[in-house]
Structure formats: structure tokens, C-alpha cells
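Here is a quick tour of a fold, written for someone who likes to know the cut-offs. Have the viewer open as you read.

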Amino acid sequence: MEKPIYIKKADGTLEPFDENKLKESLEHVGAEESVINNIITVIKKEIKDGMTTGQIYHHAFEHLRKAKDNIAVKYSLRRALSELGPNGFPFERFIAELFKSQGYEAVTDQVVYGGCVPHEVDVVAWKGDELIMVEAKFHNEFGFKSDVKVALYVKARFDDLKENVYEYGGKKRKITEGWLVTNTKFTDQAIHYAECKGLKLIGWNYPAHENLQDMIERAKLHPFTALSTLSPTQKKYLLAHNILLCKDIPHHQELLKEQGMTTEEIAQVLKEIDTIYGNTGKAE
């Protein structure tokens, strides 16, 4: 029996390398079987004790970039979210866009009054009789988890907010749900507390269904930071000009020109964006 190879996770802990996890992640983004087998074969030859999950991701990403179906943009989704920083404002806007894709109206950066004190609420979304208030926790580091202290604090805020009535969409409403959303993960204790107290958590892979990854892929609201055809400098420039989604870029090609990109380079960016929409046409 072969000795297991231990890899380092984002939180610093070690676990045995499991090629099935890598296979599942590649299958999830639609990589062809031949591409998956090739990536696993190469990585198994290169992997060694202490290698980080980030290094494994980098190897897989580079192979996907060379694949003819060009689906690296989907595989890089989690890292793309972490590049929406350094502050959390773009992430808050991103969450608002997810709500809008589901037929809600949504606004960010609200100051609302609870039963006792005022609160800064990251996202407020409403539709029909629903009024949802969201605390958005953005982290640049994958290993960072929102713990039970965060859940306790957010639950207390929502309890205070439920004591008041708010006017959104031309009518008075009471909160129907409070959400805690993060681009990373939650600790087991935070999840247990939230499930016990009825606080809705949305994280990268929690809950099992309708988590943040599922919501993004269903809505096809990939952040433009997932694009491998853009450099870090170009991404920072676009973020500074309030670009958020891949689908925004075709309507703001002048920003790419301002960064010195040629017609051919811009065409490559647009081609990569088209892969997200199944090569069926331009983003809406």
C-alpha cells in the first residue's frame, strides 16, 4: 500500500491528497474526461508532501488554460471572488447583483434603524412581501472562516432590526429573513448555531445546495476577475471603474483600450467571456 501524500490546506492543516476531490472539481466545471485524466496524471507525478492546495490549483488551472474548450474561467471562480478586494464593497455589490438576477430589487450600504440602535446593512433586497437584509463578510484568504462569534453578532443585529418596519419599493415591510454571506467558509460551530437559531448562512460550499458557487453558476454572474486574459494591473483598473461582472466588459471595451490592449487582445478577452455563456453568443 502506497504511503499517502499529505497536502496543506488553506487553513494550514494537512490532509491526504485525494485525487477524487480534484476530479470532482474538474468535472463540476465541465472539463472533458481526457483533460481531467491528463491533469490528474501530471499532478500525481509532481505532487509531494507539503504541497499546498493553491499549488495544485495552479497546476490544474494552467492545464485548463491550454484545453480547447477554455473553461479555466469557471475553475477559477473561487479565486476570482477573493480578487474583488481589497475592501468588501465590490463583494457587496456582487451579492446585490445575485439578488437582482432572481427578480429582487437590491441596494447596498444602507443605514437602517432597529428597535434600539441604527445598523449599517451591506445589502437590502426585496420582492413581493419579502425583505431580506444581508451581512456580507469578504475575505482575501481562503483559509479564513467566519466563526460562531460572527454568527452571534449578526443574529443579534437582525433580532434588533426585526423590531422595526422599513419602507422599500414604495411599501412598508418587516424583515422576513436575515442572511450572513461569505466568499469563504464557516466553522462547524457557526453552522450549528445558525441552524439552531434560524440564521441563514450562504458560503462558498454551504449549504450543500444553493450555496454561493451554485448561485453564481446558475445566474452566470461570473466576476470579471476570473478572466485569465486580463493582467492583475488591468483587473485593478477595471475594478476602480466599477466593473464587476464578465458581462459588463463587452459594453465597456474603451476601458481595455485605455489600458493599451490591442484589438486582437480585446478579442481574446471577449472570446473568453463567451465561453461562460456556452459559446452561444455575446453576454447580454
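Buried means under 20% relative accessible area, exposed means over 50%, and partly exposed is anything in between (1.4 Å probe, protein chains only). Lys162, at 37% relative accessibility, therefore counts as partly exposed. This is a predicted model, where local features need pLDDT of at least 70 and side-chain atom pairs count only at pLDDT 80 or more, while totals for chains, interfaces and linings use all residues. Residues are numbered from 1 along each chain as its sequence is written, and side-chain values use heavy atoms, with hydrogens and water left out.

**Around Lys162**

Lys162 sits in the loop between helix 7 and strand 7 (166–168). Helices (H or I, at least four residues) and strands (E, at least two) are DSSP runs, numbered from the N terminus. What does Lys162 touch, leaving aside residues up to four places away in sequence? Lys174 and Ile175, where contact means heavy atoms within 4.5 Å. Ser25 is 137 residues from Lys162 in sequence, and their C-alpha atoms are 39 Å apart in space.

**The sheet**

Five strands make an open sheet with mixed pairing, in the order 3-4-5-9-11. Strand 3 (105–113) and strand 11 (200–202) are at the edges with a single partner strand each, so one side of each has no neighbour in the sheet. From one strand to the next, the twist averages 35 degrees. Two strands pair if DSSP finds at least two bridges between them, and here are three of the pairings:

| Strands | Sense | Bridges | Bridge partners or opposite residues |
|---|---|---|---|
| 3 and 4 | antiparallel | eight | Glu105 and Trp126 |
| 4 and 5 | antiparallel | five | Val123 and Val134 |
| 9 and 11 | parallel | three | Trp179 and Lys200 |

Strands 3 and 4 form a hairpin with four residues between them. The hairpin of strand 4 and strand 5 has two residues between the strands, and Gly128 takes a positive phi near 60 degrees there. Strand 4 (residues 118–127) is largely enclosed by the rest of the structure, because seven of its 10 residues are buried.

**Two helices side by side**

The axes of helix 7 (residues 148–161) and helix 8 (residues 188–197) come within 8 Å and cross at roughly 25 degrees. That makes helix 7 roughly parallel to helix 8, a label for angles under 35 degrees. Axes are lines fitted to C-alpha atoms, for helices over the stretch in contact, and angles run from 0 to 180 degrees between N-to-C directions. On the helix 7 side, Val148, Ala151, Leu152 and Lys155 meet Gln189, Ala190, Tyr193 and Lys197 of helix 8. By class, this contact has five nonpolar, one polar and two charged residues.

**The cores**

A nonpolar core is a set of buried Ala, Val, Leu, Ile, Met, Phe, Trp, Tyr and Cys residues joined through side-chain atoms within 4.5 Å. Which residues have the most contacts inside the largest nonpolar core? They are Phe94, Ile95, Phe99, Phe224, Leu230 and Ile249, in a core of 43 residues. Helix 6 (residues 89–101) supplies the largest share of this core, six residues. Ile249 touches Phe224, Leu227, Leu230, Leu238, Ile243, Leu256, Val269 and Ile273, not counting residues up to four places away in sequence. Another core, of 24 residues, lies apart from the largest one and has Val121, Leu180, Ile191 and Tyr206 among its members.

Conventions: Parallel < 35°, antiparallel > 145°, perpendicular 65-115°, else oblique. Nonpolar A, V, L, I, M, F, W, Y, C, P; charged D, E, K, R; others polar.
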